[in-house]
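User: Walk me through this model. I want the reasoning behind each label.

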Amino acid sequence: MRPLGITVYEDKIVQLGLKKIIEAVYEPKFRGNMYGFRPEKSCHMAVKEMIGQITRKRINYIVDADIKGFFDHMNHEWVLKFVGYYIQDPNILRLVEKYLKAGVLEAGEYHAAEEGSSQGNIISPLLANIYMHHVLILWFREYWTKRGSGENFLENYADDYIAGFENKWEAEKYYEQMQERLGKFGLEIETSKSRLIEFGRYAKERRKRKGKGKPETFDFLGFTFYCGESRKGTFVVKAKTSGKKYRMKIKELKKWLKGRLMKPIRETMEILNRKLSGHYRYYGVTYNIPMLIKYHYHATKLLYGMMNRRSQKRSYNWEGFREMLKYYPLAYPKRYVNLYE
């Protein structure tokens with residue numbers, strides 16, 4: 001649970017205008033590998049580009065890092081300094097500082113903000129992008145993309161990022177120096193969720209020779225990525241719904257259906273189908289159809305259980321339930337995004 005800084009209507013108007021001004025200045029300066037909360041950018045584009053980098057380049061190692069409470073620990077002085085690099089108007093800087101220090105009201109109690117940017121504010125995602133742009137993106141470009149001895153890449157979406165390297169020693173050096181770099185700006189990684197793994201075109205063969213089993217996997221933007229092969233036998237990076245996200249989605253669906261016991265079935269089925277379609281549109285990517293079918297199966301079972309709790313007597317057997325689904329069919333999974341176009 002995180003506190004949300006939901007502003008009043010008047011402040012939302014001011015923040016929207018402020019966002020447009022700062023975005024007009026900074027958007028041309030952001031690098032192409034930044035995909036979070038930007039015009040004409042999306043999670044799927046970040047995933048597609050990351051897969052392309054791994055398959056096109058000689059990538060052998062992946063550094064998967066997770067920043068601990070990124071939005072809550074952005075240093076206010078550094079935020080103002082970063083914004084002030086290209087915007088010297090004191091009125092703009094004053095407004096940015098005001099919203100950074102606005103704090104949140106929780107259960108009638110005011111909590112001041114000494115650091116971080118409240119999630120829920122219109123301007124917070126843009127300030128987060130500016131912070132990451134200066135703290136990590138430009139640093140990686142200068143010290144690794146330009147000076148690295150092997151091939152590498154960095155893909156970023158808000159506070160999530162994945163780095164890949166050809167050489168192990170460079171990956172290890174980056175992992176160490178990246179933590180020092182973040183520490184300078186008041187950030188730290190969640191060590192239990194961050195690691196360096198062997199991954200890529202030759203990972204399977206190398207790990208087999210060492211007797212280490214299958215290549216490890218990593219998570220990014222709700223997907224788990226693993227080494228696989230196409231039908232032609234060529235190396236591909238495959239994606240599937242991460243176990244953590246899948247369990248969370250099932251838990252949320254179960255809770256929602258439990259609250260629909262006394263609601264009209266027609267209305268319930270309409271909303272449920274919208275929920276299913278939303279899930280399919282995000283997770284309906286190449287090679288992930290089995291996980292979508294699994295989700296559809298569990299949704300069907302949960303719906304069947306809910307229908308039989310609507311009265312003291314058992315309302316449906318499976319045959320009757322299937323007849324009901326003929327009148328109110330559930331949305332069926334399909335692929336919406338081709339990651340290899």
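Analyst: Start with contact, which means heavy atoms within 4.5 Å. Helices (H or I, at least four residues) and strands (E, at least two) are DSSP runs, numbered from the N terminus. This is a predicted model, where local features need pLDDT of at least 70, side-chain atom pairs count only at pLDDT 80 or more, and totals for chains, interfaces and linings use all residues. Residues are numbered from 1 along each chain as its sequence is written, and side-chain values use heavy atoms, with hydrogens and water left out.

User: What covers the buried residues of helix 7?

Analyst: The cover includes strand 1 (61-66), helix 6 (124-145), strand 4 (152-157), strand 5 (160-165) and strand 6 (195-198).

User: How do you know that the span of helix 7 agrees with its 17 residues?

Analyst: The expected span is 1.5 Å times one less than the number of residues. For residues 168-184 that gives 24 Å, and the end C-alpha atoms are 25 Å apart, which agrees.

User: Which residues of helix 7 are buried?

Analyst: Buried means under 20% relative accessible area, exposed over 50%, partly exposed in between (1.4 Å probe, protein chains only). Glu170, Ala171, Tyr174, Tyr175, Met178, Arg181 and Leu182 are buried. Down the axis, the buried residues fall within an arc of 140° (directions from the helix axis to the C-beta atoms), so they line one face. On the other side, Glu180 and Lys184 are exposed.

User: Why is Ala158 called buried?

Analyst: Its relative accessible area is 4%; the cut-off is under 20%, so Ala158 is buried. Ala158 lies in the loop between strand 4 and strand 5.

User: Why is Glu40 called exposed?

Analyst: Glu40 has 76%, over the 50% cut-off, so the label is exposed.
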